[in-house]
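Work through the exercises below with the sequence and the model at hand. Each task is followed by a stepwise solution.

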Amino acid sequence: MLKLTRHLHGWRPDAALMDYYERVLFNARLGTQDEAGMMMYFVPMDAGYWKVYNRPFDSFWCCTGTGVEEFAKTHDTIYFQDDEGVSVNLFIASELSWPEQGLRLEQRTRFPEQPGTSLQLHLLKPKRFKLKLRIPYWADGASVRINGQAQSVQATPGSYLTLDRQFADGDRVDLALPMQLHPAPLPDEPSLQAMMYGPLVLAVRLGQDGIDPEKINVSDQRPSLNRIVGRQLPSVYFEPEQSWVRATDQPLTFEALGVEGPLLLVPFYKIRNERYAVYNRVRPIWERNPQF
């Protein structure tokens, strides 16, 4: 899907395509590879499952080959260029070299831990061109500074902001991209929701009960924690007029209130060797029921 999206964007540039690309890259790609470079065949979404990866010599699935190819795309599609200038599609620490135009561009960021990015331009001589910055659909209130000076520009979520000007060697462009929590409900069941932070899908951490990371069999049916305890986990609820998830003092770590107490949520790609829940049942506080 990343390769197809790249082709579509090359034919007709569209910020919505890069929004999709970013979500797949950070959630599906990073979220399905372990520390040793092993990959998953499919990704279960039922609460209580865990991630199972292939092994170097005794498992090779039909999707493993394309999976390897996609993991090599972590540096791909960050920039596009045309006769008018450069588009910044993704916020990943990297460097672009365009010797024909005498341009070298450094992108410095810790995204997604850092809600934004910084672009340092190196030019052999001053040059006018268009620098197009993607403003993601989730970045409400994005802003731009050039050499420390705030710019009066309209940064519309889900579009590209074009800086059309003469740039000089050493110019710096800082792009602030505020990240907020927002729900992603199932289309046919709005009370069953995933929670997102910017482009990141969050998952509830459910612990390692019944899991031995050293003895996971790739052919195991992975019995769900639901069947162990006999009900859907976890149930969370919210108070009226309030979000059901709130930030903690730890980076990219959030908390929700469940029927059995606080639940911690982290980006899905940070989940390793533990049970998790991505889609969670959300009910108003007056409908709370421990037997749900």
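**Exercise 1.** Classify Leu4 as buried, partly exposed or exposed.

Solution. The relative accessible area of Leu4 is 44%. Buried means under 20%, exposed over 50%, and partly exposed in between, with a 1.4 Å probe and protein chains only. Leu4 is therefore partly exposed.

This is a predicted model, in which local features need pLDDT of at least 70 and side-chain atom pairs count only at pLDDT 80 or more, while totals for chains, interfaces and linings use all residues. Residues are numbered from 1 along each chain as its sequence is written, and side-chain values use heavy atoms, with hydrogens and water left out.

**Exercise 2.** Find which helix gives the most to the nonpolar patch.

Solution. Step one: the surface patch consists of Met1, Leu4, Leu8, Trp11 and Tyr20, with about 570 Å² of accessible area together. Patch members have over 30% relative accessible area and no salt bridge (a side-chain nitrogen of Lys or Arg within 4 Å of a carboxyl oxygen of Asp or Glu); nonpolar side chains are joined within 5 Å. Areas come from the Shrake-Rupley method.
Step two: Leu4 lies in helix H1. Helices are DSSP runs of H or I with at least four residues, strands runs of E with at least two.
Step three: H1 (residues 2-11) contributes three residues, the most.

**Exercise 3.** State why S1 and S9 each have one side without a neighbour in the sheet.

Solution. Step one: the open, mixed sheet has the order S1-S2-S6-S9; strands pair if DSSP finds at least two bridges between them.
Step two: S1 (79-81) and S9 (159-167) are at the edges with a single partner strand each, so one side of each lacks a neighbour.
Step three: S1 pairs with S2 (residues 85-88) in the antiparallel sense over three bridges, and Tyr79 has Val88 in S2 as its bridge partner.

Technical notes
Patches are made of residues with over 30% relative accessible area and no salt bridge: like charges are joined within 9 Å, nonpolar side chains (Val, Leu, Ile, Met, Phe, Trp, Tyr) within 5 Å. Accessible areas come from the Shrake-Rupley method with a 1.4 Å probe; for residues, only the protein chains shown count as cover.
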